[in-house]
Amino acid sequence: MSVAELCHRLDIDVEIALHALMRLEDGGLISRLPGSVPSYTALPPDHALEVLILARERDIHRVRALTERLTERHREARRSRDSTALIEVVTGRDGVARCGQQLFNRAEREIRGIDAPPYAQASDGERVNSATAMVGRSVRSRFIHARDTLNLPGVVARVEADISAGEEVRFLPEAPMKLIIADDQAALIPLLATPQVLDACILVHPSALLDALSTLFESLWEQAQPYLPGEQASVSTTEFVSAEERRIISLLAMGMSDEAIARQLGIGHRTVQRRVQALLGRLGAASRFQAGVLAASRGWWRPDREPPGAPSGLRGQAGPVGS
């Protein structure tokens with residue numbers, strides 16, 4: 001098609017057509033035909049698009065190489081900073097929330113943390129959440145919770161959803177502090193030991209303090225107890241154990257009271273008491289702990305040590321609210 005025909009068909013000016021044809025020809029999408037009157041034809045799409053893809057890949061390679069050089073310069077600059085620059089004080093609810101979310105977003109290998117209230121929340125009500133930052137990413141995530149948080153409404157359901165998505169979760173009787181560590185490159189801790197509102201935090205860059213926080217987390221992780229709702233193993237044909245009964249057994253193994261179990265399962269306190277007593281009677285258990293052991297031995301509940309669906313410890317879905 002000639003330039004004149006193209007302008008007539010599309011009802012556009014010659015100058016606009018010539019500019020567009022030049023760009024398409026440079027991109028390898030069209031070719032000029034020989035002759036005294038300039039005319040053009042489209043090239044096969046597979047060939048033309050392959051040329052564009054290769055050009056884009058070269059651009060991406062150059063950008064990655066530049067990023068690596070800039071990252072190395074950034075690290076060298078960090079190493080040369082004075083000691084006062086290794087710690088930053090972040091103030092304001094919005095600032096703390098934004099800093100916490102940035103740690104989730106920039107993690108490439110692993111996020112570790114100690115999860116406890118209060119939680120960072122921006123002034124618009126948006127709560128810091130690792131879930132949106134971790135979706136589709138092969139980033140390992142491990143969080144320690146204070147066992148008392150199981151008494152808060154909805155926590156058990158949230159933890160079980162996190163575990164199903166590949167989150168590694170453990171519990172301690174008490175959490176010494178809130179903490180987020182991203183890739184051993186940065187950590188975020190509250191400015192006060194027991195804040196009522198999370199509006200001031202300390203951002204720690206690579207230093208001896210960051211190493212100490214990492215060591216503290218690993219030590220607590222080894223002491224902490226996994227919470228795993230378990231799954232039903234083979235049960236004899238004469239017995240039946242419901243999903244709710246397995247959840248009650250798993251919560252009993254965590255040391256939760258009947259009242260706390262009732263809140264988490266959304267059923268009455270007396271109903272839980274009756275079901276716990278019925279489970280103890282069926283198992284012939286003299287204590288709640290013994291009930292968990294006997295339930296596991298009879299196949300009613302199997303508390304796996306590793307999170308289901310995540311043999312490599314990598315996760316790609318939702319995680320807990322870590323800050």
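This dialogue walks through the sheet, its helices, a pocket and a helix pair in a predicted model.

Biologist: Start with the sheet. In what order do the eight strands run?

Modeller: Read across the sheet, not along the chain. The order here is 3-9-8-7-4-5-6-10. The sheet is open and its pairing is mixed.

Biologist: Which strands stand at the edges?

Modeller: Look for strands with a single partner. Here they are strand 3 (87-91) and strand 10 (225-226), so each has one side without a neighbour in the sheet.

Biologist: How do strand 7 and strand 8 run, parallel or antiparallel?

Modeller: Antiparallel. Strand 7 (residues 179-182) is joined to strand 8 (residues 186-190) by three bridges. Within that pair, isoleucine 180 faces leucine 188 of strand 8.

Biologist: Which strands does helix 4 touch?

Modeller: Helix 4 (residues 93-106) packs on the sheet and touches strands 3, 4, 5, 7, 8 and 9. Its direction makes about 150° with that of strand 8. Helix 6 (residues 155-164) lies across strands 4, 5 and 6, at about 140° to strand 6.

Biologist: Now the second largest pocket. How much space does it hold?

Modeller: About 290 Å³. The pocket is lined by 17 residues; closest to its centre are Ala116, Pro117, Pro118, Ala146 and Ala175. By class, the lining has eleven nonpolar, three polar and three charged residues.

Biologist: Last, the helix pair. At what angle do helix 8 and helix 10 cross?

Modeller: Take the two axes. Those of helix 8 (residues 243-253) and helix 10 (residues 269-283) come within 11 Å and cross at roughly 90°. Angles of 65 to 115 degrees count as roughly perpendicular, so helix 8 is roughly perpendicular to helix 10.

Biologist: Which residues make the contact?

Modeller: Helix 8 gives Glu244, Glu245, Ile248, Ile249 and Leu252. Helix 10 gives Arg275, Val276, Leu279 and Arg282. By class, that contact has five nonpolar, no polar and four charged residues.

Methods. Residues numbered from 1 in each chain as written. Predicted model: local features only at pLDDT ≥ 70, side-chain atom pairs only at ≥ 80, totals over all residues. Heavy atoms only, no water. Pairing = 2+ DSSP bridges. Helix = DSSP H or I, 4+ residues; strand = E, 2+ residues; numbered from the N terminus. Contact = heavy atoms within 4.5 Å. Axes fitted to C-alpha atoms, helices over the stretch in contact; angles between N-to-C directions. 1 Å grid on protein atoms, 1.4 Å probe; cavity = no way out; pocket = protein on both sides within 12 Å on 5 of 7 lines; lining within 4 Å. Points joined across faces, edges and corners; volume = space filled by probe spheres on them. Nonpolar A, V, L, I, M, F, W, Y, C, P; charged D, E, K, R; others polar. Parallel < 35°, antiparallel > 145°, perpendicular 65-115°, else oblique.
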